[in-house]
2 protein chains.
Amino acid sequence: MKITLNSPLDMHLHLRDGDMLKLTAPLSADFAGAVIMPNLVPPVTTPTAMQGYAARIASAMDGAAFSSYMTLFFTPMSEKELQAAKETPGFFGFKLYPAGITTNSEGGISDMAQADTTLKLMEEMGIPLLVHGESHGFVMDREQEFLSVYRHLATKYPKLKLSMEHITTAAALRLLDEFPNICATVTLQHLIITLDDVAGGALRPHLFCKPIAKRPEDRDALLQAALNGHPRLMFGSDSAPHPRCKKEACGCAAGVFTAPVALPRLAEIFATNGAADKLQGFVSGNACAWYGLTPVQKTITLQDTPMMVPASYRSYGEQVVPMYAGESIGWSIVR
Amino acid sequence: MKITLNSPLDMHLHLRDGDMLKLTAPLSADFAGAVIMPNLVPPVTTPTAMQGYAARIASAMDGAAFSSYMTLFFTPMSEKELQAAKETPGFFGFKLYPAGITTNSEGGISDMAQADTTLKLMEEMGIPLLVHGESHGFVMDREQEFLSVYRHLATKYPKLKLSMEHITTAAALRLLDEFPNICATVTLQHLIITLDDVAGGALRPHLFCKPIAKRPEDRDALLQAALNGHPRLMFGSDSAPHPRCKKEACGCAAGVFTAPVALPRLAEIFATNGAADKLQGFVSGNACAWYGLTPVQKTITLQDTPMMVPASYRSYGEQVVPMYAGESIGWSIVR
């Protein structure tokens, strides 16, 4: 069996910088494009920094046709600053982090009222807002506790293009149905794993991410919504590489590195669940329709021939361990 | 401030064997005694193996006065076998593990009906049953799902001395109140931490144990029950040493090593919560009353002078990392 995808998009991707960027960028090159997260050290907060980062990504892509949809780390901005951002080539939108909620997010927003003027302007100017939606509460409740903020934003700024990033709960899906002016991304791992996979047997640091994987009923609801072709649910891998030494140590950093396995594994999941026809929308069409995107043209064919996933990817002195490291998955990309 | 304890007991302790036993046994020697868990490889299932293990523990204690309350790994037994166990010096009771539920428990019980005849005999013979009460369900639900088994056992064998080991939930506490013929142990860490401490920030393998730490309201309920002097709630550290290399690797083994910090930290917790008078019952009196124990006489004095906890304990080629490694805790033992 084969599935052909037109211009698949990863609507939430961490490529890092420096040697790690050089290692990871080519591993996302089967996608036609991706929304690039700005949480570098320091975060990408200015159009100038963003353009520099986009150029480094293009260089690391080594000639691959790839649309980098660049985001800026949300900070309060004037209309003039927003206009300058909007006019910068490659600019896609803002990523808002509650302060300190995940990797390199210390400079995020601690009080949503700080964001009010900027959000009103973004609504008027058609600039998307992508949100890492977690409270600082108990780890299993953080997303659900944040839903009131989404509700507030969706009500107060009805025309704001608002995305709940990497949702992990059935409750977030219900909010998606409640507000037609919200979209959401979901990762590969949150369609597959639960907290059981992270900490139910032995501890598995390579499956530890933020938001943490939740309950079986959450995973099942997310998978069903994806398979049913929910028009505002989009694939965003949140593929988040960390050096192997940081994942396999005390104080393991949060993030699952899925970029190299995402398309084959998604094809396998959709095909084995009889929903192969819904994959194009999930990995491209829904996002193109919602945001009005026209990514570079790229055709990828996937087949039900196994892929042996490397134990790790190494180059430029960096080493990252992917999901399914050393295992075989059922589908692969036709090269 | 000082607190003097008479014959403190650890009602749930893993000492392992071989070099690890030699390292860990002396670190429990401030206790007057402990209930010793039988999940070695292979598990301790016969009186002969148990006597050998007790002798190795006594040797590792290196002259310290210490009552080893030995348990056998529960397997179905005849009346004759039970009688032989009961007559073996040092025998305390049976530890029942659902098959495969935790470290070295592969040979446990997969169907409670297998245990029926043996449990009836144990009830008649006054032999305690200590249970690792977890289902094979979702990691946050496993204890709560197992409560129906406790309810069944407490109802079917009303005179059986039944202990819910290392309880972690408010629901288990409620069951304790529902059935006066059940007692329970609780660890140090489950009075203090939640899943947030294990996986809410970075991943902290040295706080990863089974049952996993639960929600804040569970932790709070357990702490309050201990501070209020619940007469059937007993301290059992479940101190579970693993070699450092097994804790700080992918597939981290479950267990928190608390033996060397348990008494000072408990004193600190009870004193700072105005419940210093309840500590004697929690770490000794409740267990002595419930089981009719007369441990060796030992007096330990604790004081509100800080203890610097070593980054690890090393000897005999083994290395283990305790809870609070490299940190200072507020109380210490007067030497």
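**Briefing: two chains, their interface and their sheets**

In strand β10 of chain B, B:Thr299 is the residue that B:Asn6 stands opposite; strands here are DSSP runs of E with at least two residues, helices are runs of H or I with at least four, and both are numbered from the N terminus. This is a predicted model, in which local features need pLDDT of at least 70 and side-chain atom pairs count only at pLDDT 80 or more, while totals for chains, interfaces and linings use all residues. Residues are numbered from 1 along each chain as its sequence is written, chains are lettered from A and ligands numbered from 1 in the order in which they are written, and side-chain values use heavy atoms, with hydrogens and water left out.

**The sheet of chain B**

- The pair B:Asn6 and B:Thr299 belongs to strands β1(B) and β10(B), which run antiparallel and are joined by five bridges; two strands count as paired if DSSP finds at least two bridges between them.
- Strand β10 (residues 299–303) of chain B is also joined to β15(B), again in the antiparallel sense, by two bridges.
- Within that second pairing, B:Leu302 stands opposite B:Ile333, and B:Gln303 has B:Ser332 as its bridge partner.
- Together the strands form an open, antiparallel sheet of three in the order β1-β10-β15.
- Its edge strands, β1 (2–6) and β15 (332–333) of chain B, each pair on one side only.

**The sheet of chain A**

- Chain A has an open sheet of three strands with antiparallel pairing, in the order β1-β10-β15.
- Because β1 (2–6) and β15 (332–333) of chain A stand at the edges with a single partner strand each, one side of each has no neighbour in the sheet.
- Five bridges link β1(A) with strand β10 (residues 299–303) of chain A in the antiparallel sense, and A:Ile3 stands opposite A:Leu302 of β10(A).

**How the two chains are related**

- Chain A is superposed on chain B by a rotation of 180° with 0.0 Å of shift along its axis, at an RMSD of 0.0 Å; the fit is by least squares on the C-alpha atoms of residues with pLDDT of at least 70 in both copies.
- This relation is that of a two-fold axis.
- Both copies use the same surface, as 100% of the contact residues of chain A recur in chain B.

**The interface**

- Contact, meaning heavy atoms within 4.5 Å, involves 26 residues of chain A and 26 residues of chain B.
- About 2200 Å² is buried between the chains, with carbon and sulfur atoms giving 65%; buried area is the accessible area (1.4 Å probe) that two parts lose on being put together, summed over both.
- In chain A, the most area is lost to chain B by A:Phe138, A:Leu203 and A:Cys250, together 30% of what that side buries.
- Between the chains, 16 residue pairs (both at pLDDT 80 or more) are in polar contact, that is, a pair of N or O atoms within 3.5 Å; within protein, one must be able to donate a hydrogen and the other to accept it, and residues adjacent in sequence count only if both atoms are side-chain atoms.
- Helix α7 (residues 195–199) of chain A gives the most to the side of chain A that touches chain B, with three residues.

**Salt bridges**

- The whole structure holds 26 salt bridges over all chains, each a side-chain nitrogen of Lys or Arg within 4 Å of a carboxyl oxygen of Asp or Glu.
- Four salt bridges lie across the interface of chain A and chain B, and one salt bridge joins A:Arg215 to B:Asp141 (2.4 Å, N to O).
- Within chain A, A:Lys120 and A:Glu123 meet in a salt bridge (3.1 Å, N to O); they are three residues apart in helix α4 (residues 116–125), so about one helical turn separates them.
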